[in-house]
Amino acid sequence: MPSTSMAHTVSTGLRAALLAALALSASQALADAPKQRLNPMIGLIEQGKPVMGLYAPSNRKPYGAPADAPTPNKSPAELAKETVSYKLSDFVFDGSMEHDYEQSLPVFTKFAQALGAEKHLSNSPAPHIAYPMIVKMHEIAPDPKLAAKHIGQQLDLGVSGIMFVDVQNAEEVKHGLAAMRYPAQGGTRADSVGAGPKYWGVSEKEYRAKADLWPLNPNGELINWVVVESKEGLKNVREIAAVKGIGVLWPGAGTLRRVFSSPGPDGRPVTDEKAWEGAIQSVLAACKEFKVACGIPTTPDQIEMRMKQGFSVFVMNWGDAGFKTIEVGRKAGGRS
């Protein structure tokens with residue numbers, strides 16, 4: 001039988017070993033824990049989880065509404081309250097500045113200010129933007145310098161991401177990405193912050209540190225989206241996807257449908273469905289090859305199919321169909 005002192009030594013040794021194992025386990029768990037993100041979209045992508053968001057509510061007539069139906073006339077404050085009433089959207093999307101930028105910017109600015117006056121920040125489970133804004137930018141190629149100026153203006157509103165439309169080559173992407181980064185980070189963004197810190201809920205100093213592009217900067221909280229929606233873009237899709245700094249690559253499904261359509265005998269457009277889907281799949285293939293998240297607009301009956309194909313970022317119209325799509329997508333993607 002072991003002596004009392006020997007038993008005490010064994011007990012102490014076991015205790016020490018157990019504590020060491022627990023410490024190692026805790027350390028490993030901490031290392032494996034998801035990084036707390038101010039921009040929750042980035043955190044979801046890093047964890048391999050689907051990201052699902054909605055167009056912001058607007059004063060446009062609902063899809064399919066009769067021609068004589070009245071156009072809504074809600075104030076920016078009313079639209080902002082409607083936005084925050086729905087809790088399951090991962091982002092707020094606005095596409096208005098793709099066209100008529102000078103007319104659309106003031107309208108979106110008022111909405112962004114109204115949204116900032118609502119409860120758009122959350123502290124659970126850690127401080128983050130509960131309603132990060134993503135906006136479209138008009139084409140870069142016709143005037144890269146002007147596009148860079150406008151990108152800076154959008155960022156100064158506090159947006160968390162910008163979508164570059166109708167990208168046809170890698171150089172366009174590089175110009176746009178540079179415009180999203182401060183000179184201290186190697187970019188060309190004007191040295192201003194605007195309403196960014198206030199909307200993000202951080203100091204100006206913190207904003208300047210965090211307002212950089214992920215994944216170029218692993219600690220950056222800005223995300224870039226690129227849309228390929230032309231035959232020229234499809235031809236160059238691999239070189240586009242290879243550009244470092246793209247957060248999500250998208251096939252512009254609606255525009256590509258028109259690209260692969262032609263007038264039928266009755267004058268109505270007829271889509272070459274095989275070619276159209278082939279174009280979508282070519283963008284997805286480039287996403288997979290270069291390990292970039294792939295996005296697509298979708299519907300309740302298609303989101304599971306698109307997830308199985310490999311798409312992981314989704315945008316839907318505001319309304320019941322969009323809400324239903326998120327419900328189906330969350331269940332399929334293992335998100336409560």
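**Reading loops, a helix and a pocket**

Reader: Proline 215 lies in the loop between α8 and β7. Is the peptide bond from tryptophan 214 to proline 215 cis or trans?

Author: This is a predicted model, and the angle to read is omega. From tryptophan 214 to proline 215 omega is near 5 degrees, and the bond is cis. A cis bond also joins serine 124 and proline 125, with omega about 0 degrees. Proline 125 sits in the loop between β3 and β4.

Reader: What is the mean pLDDT of the protein, and where is the pLDDT below 50?

Author: The mean is 91, and 90% of the residues reach 70 or more. Values drop below 50 over residues 6-10, a stretch with zero contacts in the model beyond near neighbours in sequence. The pLDDT is also below 50 over residues 21-33, again with zero contacts beyond near neighbours in sequence. Where pLDDT is low, the predicted coordinates should not be read in detail.

Reader: Is glycine 220 buried or exposed, and which residues is it in contact with?

Author: Relative accessible area decides the first part: glycine 220 has 0%, so it is buried. It is found in the loop between α8 and β7. Apart from neighbours within four places in sequence, glycine 220 is in contact with Arg37, Ile42, Lys210, Asp212, Leu213 and Trp214. Its C-alpha atom is separated by 7.8 Å from that of alanine 209, 11 residues apart along the chain.

Reader: Where is asparagine 39 found, and is it buried or exposed?

Author: Asparagine 39 belongs to the loop between α1 and α2. Its relative accessibility is 1%, under the 20% cut-off, so it counts as buried. Once neighbours within four places in sequence are set aside, the contacts of asparagine 39 are Pro132, Ser160, Glu221 and Ile223.

Reader: Which value of phi does aspartate 100 have, and which does lysine 291 have?

Author: Here the sign of phi is the thing to read. Aspartate 100 is a residue other than glycine, yet its phi is positive, near 50 degrees. Its place is in the loop between β2 and α4, and at 56% relative accessible area aspartate 100 is exposed. Lysine 291, not a glycine either, has a positive phi of about 55 degrees. This lysine lies in the loop between α12 and β11 and is exposed, at 76% relative accessible area.

Reader: How far apart are the end C-alpha atoms of α14, and which of its residues are buried?

Author: A helix can be checked by its length. With 1.5 Å a residue, the 13 residues of α14 should span 18 Å, and the end C-alpha atoms are 18 Å apart, which agrees. An α-helix has 3.6 residues a turn, so residues three or four places apart point the same way. The buried residues in α14 are Gly322, Thr325, Ile326, Val328, Gly329 and Arg330. They pack against β1, α13 and β12. Just after α14, glycine 334 has a positive phi of about 70 degrees.

Reader: How many residues line the second largest pocket, and which are closest to its centre?

Author: Volume comes before lining: this pocket holds about 700 Å³ of space. It is lined by 29 residues, and Pro40, Ser124, Pro125, His128 and Arg335 are the closest to its centre. Two of these, serine 124 and proline 125, are joined by a cis bond. By class the lining has 12 nonpolar, nine polar and eight charged residues.

Reader: Which element gives the most to the lining of the second largest pocket?

Author: Helix α2 does, with three residues. Strands β3 and β4, like α2, each supply at least two.

Notes: Residues are numbered from 1 along each chain as its sequence is written. This is a predicted model: local features need pLDDT of at least 70, side-chain atom pairs count only at pLDDT 80 or more; totals for chains, interfaces and linings use all residues. Side-chain values use heavy atoms; hydrogens and water are left out. On a 1 Å grid over the protein atoms alone, a cavity is a set of points where a 1.4 Å probe fits but cannot get out, and a pocket is an open set with protein on both sides within 12 Å along at least five of seven lines; lining residues have an atom within 4 Å of a point. Grid points are joined across faces, edges and corners, and a volume is the space filled by probe spheres set on the points. Helices (H or I, at least four residues) and strands (E, at least two) are DSSP runs, numbered from the N terminus. Ala, Val, Leu, Ile, Met, Phe, Trp, Tyr, Cys and Pro count as nonpolar, Asp, Glu, Lys and Arg as charged, and the others, Gly among them, as polar. The expected span of a helix is 1.5 Å times one less than its number of residues. Buried means under 20% relative accessible area, exposed over 50%, partly exposed in between (1.4 Å probe, protein chains only). Contact means heavy atoms within 4.5 Å. pLDDT is the predictor's confidence in each residue, from 0 to 100.
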